[in-house]
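I opened this one to see how the chain is put together. My notes follow in the order I looked things up.

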Amino acid sequence: MLYNRIAKSLILPAIGIISGYSVSNQLNFFEKSQWFSNEQLERFQFYKIKKLVKHAFETVPFYKSFSNENNIYINDIKTLDDLKKLPIVNKKIIQTTPESFISGAFSKNDLIQIGTGGTTGKPFHSYTTKTARSILHSIGLRGKRWGQY
């Protein structure tokens with residue numbers, strides 16, 4: 001218990017200062033959201049999905065082109081069923097034109113390249129942000145708390 005208090009009050013904020021992303025803030029949110037009702041969770045998830053689609057339509061070349069060529073816009077996404085209007089994208093499509101999947105909202109300096117080793121063929125590289133990394137770390141820490149690590 002003492003370790004958890006020290007980690008939450010000292011170690012996580014220090015990691016945030018050093019790394020430039022806040023695991024502590026994300027972890028606090030995940031600690032609260034794990035208790036959302038089904039209705040709250042569904043509403044939150046749809047809000048985040050719609051926000052992501054809007055971001056993609058406005059800043060990601062692949063999705064901007066798709067939106068314009070197919071006359072599908074953010075206001076056309078009103079329900080989860082409407083997500084069927086979006087293209088299914090796989091690794092092969094991304095590898096064909098990887099730059100068309102990079103959001104113009106971020107500078108290259110803000111992105112962190114991640115990738116696979118290519119054990120199933122060609123290595124796959126993509127980009128993430130410090131915020132996205134903090135989300136992954138936060139989810140991992142929450143899981144460790146559940147397991148009492």
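Contact here means heavy atoms within 4.5 Å. With that in hand, I checked how far along the sequence the contacts reach: counting those between residues at least 6 apart, 53% join residues at least 24 apart.

**Confidence**

I'm working from a predicted model. I looked up the mean pLDDT of the chain and got 84, with 85% of the residues at 70 or more. Which element has the lowest mean pLDDT, and which the highest? Helix H1 (residues 2-19) has the lowest, at 62, and helix H4 (residues 61-70) the highest, at 97.

**Layout**

I found six helices and two strands. Along the sequence the order reads α-α-α-α-α-β-β-α. The chain has 149 residues, and 23% of them count as buried. I also noted the accessible surface, about 10,800 Å², with carbon and sulfur atoms holding 59% of that.

**Helix H3**

Next I ran a sanity check on the span of H3. The expected figure is 1.5 Å times one less than the number of residues. For the 22 residues of H3 that gives 32 Å, and the end C-alpha atoms sit 31 Å apart, so the two agree.

Which residues of H3 are buried? I get Phe46, Val53, Ala56, Phe57 and Thr59. I then asked what they pack against, and H4 came up. Helix geometry is handy to keep in mind here: an α-helix has 3.6 residues a turn, so residues three or four places apart point the same way.

**The nonpolar core**

I pulled out the largest nonpolar core, which has 12 residues. The members are Phe46, Val53, Ala56, Phe57, Val60, Tyr63, Phe66, Ile72, Ile74, Ile77, Leu86 and Phe101. Helix H3 (38-59) and H4 each put in at least two residues. H3 gives the most, with four.

**Two core residues, looked at singly**

Ile72 is one of the core members. Setting aside neighbours within four places in sequence, I find Ile72 touching Phe57, Phe66, Ser67 and Lys85.

Ile77 is also on the core list. I located Ile77 in the loop between H4 and H5. Is Ile77 buried or exposed? The relative accessible area is 0%, and buried takes in anything under 20%, so Ile77 is buried. Beyond four places in sequence, the contacts of Ile77 are Phe46, Lys50, Val53, Asp82, Leu83 and Leu86. I picked out Lys50 for a distance check: Lys50 is 27 residues from Ile77 along the chain, with 7.2 Å between the C-alpha atoms.

**An odd phi**

Asn71 caught my eye with a positive phi of about 50°, though it is not a glycine. Asn71 sits in the loop between H4 and helix H5 (91-96). I checked its accessibility too: at 53% relative, Asn71 counts as exposed, because the cut-off for exposed is over 50%.

**Rings**

How many aromatic pairs are there? My count is six. Phe29 and Phe36 have ring centres 6.2 Å apart and planes at 80°, so I logged that pair as edge-to-face. Phe29 is partly exposed at 29% relative accessible area, and Phe36 is partly exposed at 27%. Phe62 and Tyr63 also went down as edge-to-face, since their planes meet at 80° with the centres 5.0 Å apart. Ring pairs join Phe29, Phe36 and Phe44 into a cluster.

**Long-range checks further along**

Ile102 lies in the loop between H5 and strand S1 (111-115). Its relative accessible area is 23%, so I have Ile102 down as partly exposed. Apart from neighbours within four places in sequence, Ile102 is in contact with Thr59, Val60, Pro61, Lys108, Leu111 and Tyr127. Thr59 and Ile102 are 43 residues apart in sequence, and their C-alpha atoms are 8.2 Å apart.

Last stop was Ala132, in helix H6 (residues 130-146). Ala132 is partly exposed, with 25% relative accessible area. I paired Ala132 with Val23, which is 109 residues away along the chain, and got 9.9 Å between the C-alpha atoms.

Technical notes
Residues numbered from 1 in each chain as written. Predicted model: local features only at pLDDT ≥ 70, side-chain atom pairs only at ≥ 80, totals over all residues. Heavy atoms only, no water. pLDDT = per-residue confidence, 0-100. Buried < 20%, exposed > 50% of the residue type's maximum accessible area, 1.4 Å probe, protein only. Areas by Shrake-Rupley, 256 points an atom, 1.4 Å probe, with all protein chains shown as cover. Core = buried A, V, L, I, M, F, W, Y, C linked by side-chain atoms within 4.5 Å. Phe/Tyr/Trp six-rings, centres within 6.5 Å; stacked < 30°, edge-to-face > 60°.
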